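Thanks for sharing this one with me. Here are my notes, point by point, to read with the structure open beside you.

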Amino acid sequence: MFRRHKYQWLISGLIILVSFAIGIAIYNTQSETRRTGISSQTIQSQYQLWKKFYLRGDKTQKFVKTNNGTKNQTLSEAQGYGMLITVMAAQQGFDNQRVFNQLTNYYLNHRISSQDSLMAWRQNQQGNKMVSTKAEKTSATDGDLDIAYALILADKHWGSKGKINYHILAIRLLNDIYSQEINVKTGLPKLGNWTKGRNNNVVRTSDLISAYFREFASYTKDGKWTKTMQNSQFTLQKLSNQNRTGLMPDFVMISGNDLNLKAVKANQVASKYDAQYAFNACRIPWRVAYDYQMNHSRISKNVAGKIDRFFETQKKITAIYTLNGRPVENYENEAFCAPVVYSAEVLGNQVLKKRYKKVLINPIVDKDYYPATIQMLTLLAIGNMNNKTR
């Protein structure tokens, strides 16, 4: 009788396990079907357009063209985007290691110095060369963060035994980012390695990229990045709670161990829109929803979800808003639309998905680097949802 009961328990246990596995499979299938309606062929086609319009250089090194003039210009921000785009495209089978290496070579050739892994923030074409002036040989934190994350993705995808050791480059860059671009007191990203005085406490809100800081902590096994992640999450939640819309300004001042918030003034950092939801903060729905996609953070879900619910109330998504939700401009721009649509995909917001279902699949435009590139980045992030790529 004992043996019969024993086998009955075994059989019952197997039935439960099989039922559980089937349930999970059904859930995952339904979840993917519900979330994504964009084919890999569409993403690949968009990627080929983006490369054609914006990738420049030669067989050795390539960069992302950011201007529309006959003489090329690029930014460390753009180089980070380009490296992210090409490694995510490779993860999805759309490109190869050679293109990523060409972009990496350009980054290596335009670091601040051979001893400083941060990238000079801008280069302009002089003859056949891309050159930074002395004033341009300072850093922009957002570009360096994307470059570091792209190098980690490359190391995980290809390994570091080839011509370029991504692991060593990533570790060196992360060390320089932390020593030069992270505020010692707040643990949060500064604007770059050049900040002094009160600007030392200014934070570009779209640099609070919790998903990156989690990955940096795991990759380096260094808890200091965990503090940066936790403080970023705390700050995002605090900013989200400041108004009914959940919108955040391009820049904010954050000081002290308690992370005290103080608004910046117009033209304090970059433009008259510094204290509004403008061309920096428009990336927040993408950056925050990406953390939910990768790590299922409840804080990130709540922050991104609140912004999504605000845009549900708008007839269209235009460029630039006051923090209480008043549109400042009347024109539409993919840099504002694409991150919201991506966030809606990740969070399953059916209203926004249906209303803006064509935003990400509209053909990539030429001669408009910033919105086209953000469209491409969010589209590839959705492709990683389909492939469950980490």
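1. A word on element names before the pockets come up: helices (H or I, at least four residues) and strands (E, at least two) are DSSP runs, numbered from the N terminus. Please also keep in mind that this is a predicted model.

2. Let me begin with the largest pocket, which holds about 530 Å³ of space. Its lining is made up of 21 residues, and those nearest the centre are Glu 77, Trp 121, Ala 140, Asp 142 and Arg 204. Three elements each contribute at least two residues to this lining: β3 (73-75), α3 (76-91) and α13 (369-387). Sorted by class, the pocket lining comprises eleven nonpolar, six polar and four charged residues.

3. Next, the enclosed spaces. Searching the whole structure turns up two cavities of 30 Å³ or more, and the largest cavity has a volume of about 100 Å³. Leu 84, Met 88, Tyr 149 and Arg 287 are among the residues that line the largest cavity. Two or more lining residues come from each of α3, α9 (284-295) and α13. Helix α9 gives the most, with three residues. The class count for this cavity is nine nonpolar, no polar and one charged.

4. You may like to look at Asn 384, which sits in helix α13. Is Asn 384 buried or exposed? Its relative accessibility is 4%, so Asn 384 counts as buried, the cut-off for that class being under 20%. The side chain of Asn 384 also makes a polar contact of 3.3 Å with the side chain of Gln 91.

5. On to a sheet: three strands form an open, antiparallel arrangement in the order β8-β9-β10. Its edges are β8 (202-204) and β10 (260-263), each of which pairs on one side only. Ignoring direction, neighbouring strands here are turned by 40 degrees against each other on average. Strand β9 (residues 251-255) pairs with β10 through four bridges in the antiparallel sense, and Val 252 has Ala 263 of β10 as its bridge partner.

6. Finally, a residue of that edge strand: Lys 262 belongs to β10. With a relative accessible area of 57%, Lys 262 is exposed, because that class begins over 50%. If you would like a long-range reference pair, Lys 262 and Thr 86 are separated by 176 residues in sequence and by 38 Å in space, C-alpha to C-alpha.

Methods
Residues numbered from 1 in each chain as written. Predicted model: local features only at pLDDT ≥ 70, side-chain atom pairs only at ≥ 80, totals over all residues. Heavy atoms only, no water. 1 Å grid on protein atoms, 1.4 Å probe; cavity = no way out; pocket = protein on both sides within 12 Å on 5 of 7 lines; lining within 4 Å. Points joined across faces, edges and corners; volume = space filled by probe spheres on them. Nonpolar A, V, L, I, M, F, W, Y, C, P; charged D, E, K, R; others polar. Buried < 20%, exposed > 50% of the residue type's maximum accessible area, 1.4 Å probe, protein only. Polar contact = N/O pair within 3.5 Å; in protein donor to acceptor, adjacent residues only side chain to side chain. Pairing = 2+ DSSP bridges. Axes fitted to C-alpha atoms, helices over the stretch in contact; angles between N-to-C directions.
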